[in-house]
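Dear colleague,

I am handing over the structure we spoke about, with the sequence alongside. Please open both before reading on, since the notes further down refer to them throughout.

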Amino acid sequence: MPLTNDQTQELSRFASRLADAAADVTLKHFRQSMDVDNKLGDTGFDPVTLADRGAEEAIRAVIETHYPDHAIVGEEFGTKATDSPFEWVLDPIDGTRAFISGLPTWGTLIGLKFEGVPVVGVIDQPYLGERYVGWTSGASLNGNPIHTRRCNSIEQATISTTDPDLFNSDDRQIFDEVLKRSRLVRYGMDCYAYAILSSGFMDVVMETGLQSYDMMALIPIIRGAGGSATCWHGDAPGESGSLLAVGDTALASDLLAMFQSIRDSR
């Protein structure tokens, strides 16, 4: 049985309470001196801080108090598996590199899946005082409705990705074709690019190599605002780790056809 509108709104409000709990932690550390640990050791750089861990602990504590039967997946503390149809998917600081660099393009991501489908999402940027919330039939910024914008062609589009050097060669070929045809590109915005797309100021965000906690909170916001959120083959985002967010669903169809044409030509 699907969730009722009242249930969805109740869970959306609860997700905002979780964002409040995280903000109490992250704002104490942002633009302050802190130790930065590297998850990858000598093989690369994947930073994590006391703020990441503390924010996720705070979120989990609130869930455990109010919905102890719900499952939880988080970047820092792994998976709590249960038999519940509800699963919270958490990234306490998406954009830790931005966080430790003093840039306000990071955000706390809180997603809720029901029977495997993302139904509620929050992107919270507490330093800027911006909270984006999405659900199955709408999206808002600080309680005010938001909508994606129309964009008839990639030639008119503003696009974004965090870092094109993160793509493998095949994905880079696809991105470079989109880049070549687009009007404007912005890099390095992490989850904030999806927030801006959902509020009608960008048109396409492309990423690969993502984990569930990087994506699930974004999907209800993008879709609730009127956009499209799929993997690069057009299916629901998931194990492939790719995410194509497009504000105009007609443009999304054109892009997916372009992607397939590039694959076929190899």
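What follows is an account of the strands, the helices, the aromatic rings, the charged pairs and the cysteines. Please keep in mind throughout that this is a predicted model.

I begin with strand β5, which spans residues 86-94 and is mostly covered, eight of its nine residues being buried. Strand β3 (residues 71-74) runs parallel to β5 and is joined to it by four bridges, and within this pairing Val 73 stands opposite Val 89 of β5. Strand β6 (residues 107-114), by contrast, runs antiparallel to β5, with seven bridges between the two, and here Phe 86 is found opposite Phe 114 of β6.

There is also an open sheet of five strands, in the order β12-β11-β13-β15-β14, whose pairing is mixed. Its edge strands are β12 (184-187) and β14 (228-230), each of which pairs on one side only, and the twist from one strand to the next averages 15°. At the β12 end of the order, β11 and β12 run parallel and are joined by four bridges, and Thr 161 has Tyr 187 in β12 as its bridge partner. Helix α8, which covers residues 249-264, lies across β13, β14 and β15 (243-246), and its direction makes an angle of about 140° with β15.

Turning to the aromatic side chains, the count comes to 10 aromatic pairs. One of these is the pair of Phe 99 and Trp 106, which is edge-to-face because the ring planes stand at 75° to each other, with the centres 4.9 Å apart, and angles over 60 degrees are counted in that class. Both partners are shielded from solvent: Phe 99 is buried at a relative accessible area of 1%, and Trp 106 is buried as well, at 0%. Phe 99 and Trp 106 also belong to an aromatic cluster which they form together with Phe 30 and Tyr 127.

The charged side chains come next, and the structure holds 13 salt bridges. Which residue forms a salt bridge with Asp 203? The partner is Arg 149, and the closest N and O atoms of the two are 2.8 Å apart. Arg 149 lies in the loop between β10 (144-145) and β11 (158-161), whereas Asp 203 lies in the loop between α5 (192-198) and β13 (204-207), so this salt bridge ties together parts that are 54 residues apart in sequence. The two ends of the bridge fall into separate accessibility classes, for Arg 149 counts as partly exposed at 26% relative accessibility, while Asp 203 is buried with a relative accessible area of 1%.

Helix α4 (residues 169-181) offers a local counterpart, since Asp 176 and Arg 172 both lie within it, four residues apart, or about one turn of the helix. Asp 176 forms a salt bridge with Arg 172, in which the closest N and O atoms are 3.0 Å apart. Here Asp 176 is partly exposed, with a relative accessible area of 31%, and Arg 172 likewise counts as partly exposed, at 27%.

A further salt bridge in this part of the chain is the one in which the side chains of Lys 180 and Glu 177 meet, at 3.1 Å from N to O. These two residues are three apart in helix α4, which again separates them by about one helical turn. Lys 180 is exposed, with a relative accessible area of 63%, whereas Glu 177 is partly exposed, at 22%. Elsewhere, salt bridges with shared partners join Asp 20, Asp 124 and Arg 131 into one network.

Finally, a word on the cysteines: how many disulfides does the count come to? The answer is zero disulfides. Cys 151 is nevertheless buried, with a relative accessible area of 5%, and Cys 191 is buried too, at 1%.

If you go through the model yourself, the salt bridge between Arg 149 and Asp 203 and the ring pair of Phe 99 and Trp 106 would be convenient places to start.

With best wishes

How values were computed:
Residues are numbered from 1 along each chain as its sequence is written. This is a predicted model: local features need pLDDT of at least 70, side-chain atom pairs count only at pLDDT 80 or more; totals for chains, interfaces and linings use all residues. Side-chain values use heavy atoms; hydrogens and water are left out. A salt bridge is a side-chain nitrogen of Lys or Arg within 4 Å of a carboxyl oxygen of Asp or Glu. Buried means under 20% relative accessible area, exposed over 50%, partly exposed in between (1.4 Å probe, protein chains only). Rings of Phe, Tyr and Trp (its six-membered ring) pair if their centres lie within 6.5 Å; planes under 30 degrees apart count as stacked, over 60 as edge-to-face and the rest as tilted. Two strands pair if DSSP finds at least two bridges between them. Axes are lines fitted to C-alpha atoms, for helices over the stretch in contact, and angles run from 0 to 180 degrees between N-to-C directions. Contact means heavy atoms within 4.5 Å. A disulfide is a pair of cysteine sulfur atoms within 2.5 Å.
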